[in-house]
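Q: Please take a close look at the ligand site of this predicted model. Describe the site first, and then place it in the context of the surrounding fold.

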Amino acid sequence: MEEKLILDGQKVANDVKEGLKPRIAALKEKGIIPSLATILVGDDPSSATYVKMKGNACERLGILSQRIQLPKETTTEELLHTIQELNNDPKVHGILLQHPVPSHIDERAAFEAIALEKDVDGVTSWGYGQTALGFGLYPSCTPAAIIRIMDYYHISAEGKHAVVIGRSPILGKPVSALLLNRNATVTTCHSRTTNLEEMIKQADIIVAAVGKPEFIKGEWLKDGAVVLDAGYNPGNVGDVEYASCYEKSSAITPVPGGVGPVTISMLLKHTVDAAERV
Ligand code: NAP
């Protein structure tokens with residue numbers, strides 16, 4: 001039996017960040033400091049924590065972090081205006097709108113307002129479409145992180161059956177597209193899937209993006225499956241039941257320390273990519 005792998009996201013993230021250091025230094029020599037603007041609307045504590053983590057990660061690497069905090073009463077028009085200003089600011093290379101935004105705001109309209117060349121989180125429909133067609137500049141960061149982890153550990157998707165559980169615009173759909181572009185046979189499951197366990201049983205690669213703690217059980221897995229858990233739920237647990245899935249898998253991402261840190265490093269990478277393209 002092959003050795004079981006714990007896919008160490010911190011290690012992958014460090015590798016990504018090490019690769020960025022000389023690129024950031026080269027940009028600085030040309031007088032360019034990569035810069036990410038983050039927009040947080042309202043005072044949701046977990047969103048505030050995520051934005052803070054992303055801003056701190058930027059600063060640790062020498063990327064400028066411009067943190068914009070808007071009150072929860074902000075209207076769609078006001079948010080669009082802020083985004084437009086950032087689009088027009090040549091010193092800003094990437095824009096991240098932390099979601100979810102308060103429910104009175106038209107979130108889709110806000111995402112669409114982000115200039116494609118600054119859409120480092122892959123939230124615009126243009127960005128998504130180009131990613132699906134295989135030439136997108138910046139896929140959403142979590143799907144990009146999942147592919148990066150696979151690449152780091154030389155896990156090929158070619159010819160494999162990948163089952164993605166979840167079809168959100170920032171996760172399930174784009175990761176399905178990325179895996180398809182890597183020549184996997186992809187099944188995307190969602191809340192109306194009637195035979196989920198049967199689907200998971202057939203999977204060589206499982207991507208969990210459900211948003212339900214410990215939802216996927218080890219007994220549903222085929223022996224030797226690769227498990228990539230994008231879930232991040234209160235109590236620091238993922239969308240798979242780790243202990244039972246660990247037993248059945250050949251490789252698995254832990255939570256925390258799996259997909260999460262790589263997601264942040266992909267955001268940093270996309271910001272540096274964007275700064276280099278100016
Ligand atoms: P989401 O928008 O809530 O989407 C959840 C998806 O799961 C939906 O497509 C939903 O189906 C599907 N689903 C719900 N119940 C199901 C069930 N019983 N059976 C099968 N599918 C079901 O969530 P998301 O934003 O994609 O996030 C998913 C998870 O990833 C969350 O735990 C989130 O915290 C985590 N996440 C992590 C990172 C990171 O950096 N690690 C980044 C983003 C998100 P329908 O479409 O039919 O409703």
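A: A polar contact is understood here as a pair of N or O atoms within 3.5 Å. In this predicted model, alanine 230 supplies such a pair through its backbone, where an N or O atom lies 3.3 Å from an oxygen atom of the ligand. Two side chains also take part. Arginine 167 places a polar side-chain atom 2.7 Å from a ligand oxygen, and threonine 263 has a polar side-chain atom 3.2 Å from an oxygen atom of the ligand. The ligand on its own has 920 Å² of accessible area, of which the protein covers 69%.

The surroundings of the ligand comprise 22 residues. The closest are Arg167, Ser168, Ser191, Ala230 and Tyr232. Tyr232 also belongs to a nonpolar surface patch, which it forms with Tyr50 and Met53. Together these three residues present about 290 Å² of accessible area. Methionine 53 is located in helix 2, which spans residues 45-61. With a relative accessible area of 40%, methionine 53 is partly exposed, because it falls between the 20% limit for buried residues and the 50% limit for exposed ones.

Helix 2 also contributes two or more residues to the largest nonpolar core. That core has 47 residues, and Ile146, Ile149, Met150, Leu179 and Leu228 touch the most other members. Other elements that give two or more residues to the core include helix 1 (9-29), helix 6 (141-152), helix 7 (172-181) and strand 8 (226-229). Strand 5 (161-165), strand 7 (205-208) and helix 10 (259-276) also do so. Helix 10 makes the greatest contribution, with nine residues.

The loop between strand 8 and helix 9 (242-248) holds valine 240, and asparagine 236 is found in this loop as well. The two differ in accessibility. Valine 240 counts as buried because its relative accessibility of 2% is under the 20% cut-off. Asparagine 236, at a relative accessible area of 36%, is partly exposed. The backbone of asparagine 236 has a positive phi of about 60°, although the residue is not a glycine. As a further spatial reference, the C-alpha atoms of valine 240 and histidine 154 are 22 Å apart, while the two residues are separated by 86 positions in sequence.

A positive phi also occurs at asparagine 183, another residue other than glycine, with a value near 70°. Asparagine 183 lies in the loop that runs between helix 7 and strand 6 (185-189). Its relative accessible area of 45% makes asparagine 183 partly exposed.

Two cis peptide bonds complete the description of the backbone. One joins valine 255 to proline 256, with omega at about 0°. Proline 256 is in the loop between strand 9 (251-252) and helix 10, and helix 10 is the element that gives the most residues to the largest nonpolar core. The other cis bond joins histidine 99 to proline 100, with omega at about 5°. Proline 100 is placed in the loop between strand 4 (94-97) and helix 4 (107-113).

Technical notes:
Residues are numbered from 1 along each chain as its sequence is written. This is a predicted model: local features need pLDDT of at least 70, side-chain atom pairs count only at pLDDT 80 or more; totals for chains, interfaces and linings use all residues. Side-chain values use heavy atoms; hydrogens and water are left out. Patches are made of residues with over 30% relative accessible area and no salt bridge: like charges are joined within 9 Å, nonpolar side chains (Val, Leu, Ile, Met, Phe, Trp, Tyr) within 5 Å. Accessible areas come from the Shrake-Rupley method with a 1.4 Å probe; for residues, only the protein chains shown count as cover. A salt bridge is a side-chain nitrogen of Lys or Arg within 4 Å of a carboxyl oxygen of Asp or Glu. Helices (H or I, at least four residues) and strands (E, at least two) are DSSP runs, numbered from the N terminus. Buried means under 20% relative accessible area, exposed over 50%, partly exposed in between (1.4 Å probe, protein chains only). A residue is near a molecule or strand if one of its heavy atoms lies within 4 Å of it. A polar contact is a pair of N or O atoms within 3.5 Å; within protein, one must be able to donate a hydrogen and the other to accept it, and residues adjacent in sequence count only if both atoms are side-chain atoms. A nonpolar core is a set of buried Ala, Val, Leu, Ile, Met, Phe, Trp, Tyr and Cys residues joined through side-chain atoms within 4.5 Å.
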